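Reader: Hi! Could you walk me through this structure in plain words?
Author: Happy to, here it is.
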Amino acid sequence: MKIAVDAMGGDHGPEIVVDGAVSAAKEEGMPVILVGNKRSIEAELSKYDTRDLSIDVRNASQTVGMGESPVKAIRRKKNSSIRICFELVKKGEADAVVSAGNSGAAMAAGIFLLKKLKGVDRPAIVVSIPTLKDQAVLLDAGGNVDCKPFHLLQFALMGEVYAHDIMRKERPRIGLLSNGEEEGKGNELTRETHELLKRSKLNYIGYIEGRDVFGGDVDVIVCDGFVGNIVLKLSEGLTEAIITMLKRDIAESFQAKLGYMLSQGVFKKLKKKIDYAEYGGAPMLGIDGVCIVGHGGSSAKAIKNALIRAKECVDRGVNRHMTERLGMNPDLQRIMAENRVKTTAGGED
C-alpha cells in the first residue's frame, strides 16, 4: 500500500507534512509518496535518516491555495500537488490521498478524477467527535451546504458503514441533528429526512439536539454541511477557549498550580480525547477511492495519524462495503430513486 501525500497542503507547507509522513513511514512501515515542489521536499527530507524508509518524491510545479475556487483550480492547475495525488490513485500507483490543503479542491479532484461510488449522489466529509462514552462521527462536516433529504439518507448509510468498519460498532445508532427531539421540530429538510430515515432499515433513533452531540448515546450524527461545519468549528473554538481559560486561571494562584500538578494525568488524558491531531483528519466518503482531509493547521502528529487512518480505510474495505450496502438494500434504493424523481420534477439540482 502507498499513500500519496499533498506535501504543499496546509498552513505550514512541506516542513510539517514531511515530518508527519516520515513518522508514519518509520512507525508503521508505510510506503509514502510526497507530492509537491521536489527541491523543498528533499530539503526537508535531508533532516531525517530515511535510508530504510519507503518514501518517494513526485514533483508538482503548482499548488492550490486555500482561497482559490476549488473547481477552477482543479481544472486549470493540472500540475498541482493535490491533483497529482488523485491522479496517482486513479492510475493505481497509490491507494489513498492525504491532504491538509484546500478541502474543496480535494472534494472536486475526488469527484472529477476518481468519480463517485455507485449509488452516491453527494460525497460527504465525516469527522470524529469525542463523547462522554465513546467516539461518534458527524457528517457532512462541510462538503455540501445545500442538501436534499435523500442526500442526508445517503450520509446516514455511509456513516453507518464507516462507524461499523472503523469504530467497530456492531449496529451503529443514527441520529438526525435538529432543534428539538419532538416530531414537529426541525425545518423542511430535517422533517422530510426524518420520514425517509424512519422508512429505512437503518438503526435510526430519531432527532437529536445540539446538546446530545457529546453525550455518547448516538454513533452517527447526520446533518447538512452548513450545520455540520458550524458544529465542527464551534466545537474547536469552545475547546480552545476552555483550554485558554484553564491556563489563565491556573496561572493566577499557587493553589491552582499545585492542583494542576497533582492532576496532570487527568489533564493529559482529557487533552488526548479532544485533540484533533489524535484523529488525523476527516475521511471523504462517497468517492471511488480513499482521501483524508486534514485541518489546515495540522501538526506533524495530525499528518501521521491521517496517514494511519487512510491505511485503515483501505485495509478494512470501507468503500467496498458502502457500495455493497447501497446495492443490497432494495428498499433504500427505492426511497432514494423516488426522491431523485421528486427533486428533478421540482426543477431542483
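Author: One term before we start: buried means under 20% relative accessible area, exposed means over 50%, and partly exposed is in between (1.4 Å probe, protein chains only). This is a predicted model, where local features need pLDDT of at least 70, side-chain atom pairs count only at pLDDT 80 or more, and totals for chains, interfaces and linings use all residues. Residues are numbered from 1 along each chain as its sequence is written, and side-chain values use heavy atoms, with hydrogens and water left out.

Reader: Cool. Is Ile 174 buried or exposed?
Author: Ile 174 is buried, because its relative accessible area is 0%. Ile 174 sits in strand β7, residues 174-177 (strands are DSSP runs of E, at least two residues, and helices are runs of H or I, at least four, numbered from the N terminus).

Reader: And which residues does Ile 174 touch?
Author: Leaving out residues up to four places away in sequence, its contacts include Ala 156, Leu 202, Tyr 204 and Val 220. Contact means heavy atoms within 4.5 Å.

Reader: New topic: how many strands form the sheet?
Author: Eleven strands form an open sheet with mixed pairing, in the order β3-β2-β1-β4-β11-β10-β5-β6-β9-β7-β8. The edge strands, β3 (55-59) and β8 (204-208), each pair on one side only. Two strands pair if DSSP finds at least two bridges between them.

Reader: How many bridges join β5 to β6?
Author: Five, and the two strands run antiparallel. Val 127 stands opposite Leu 138 in β6.

Reader: Last one: where is Ile 230?
Author: Ile 230 is in helix α8, residues 225-251. Ile 230 counts as partly exposed because its relative accessibility is 46%.
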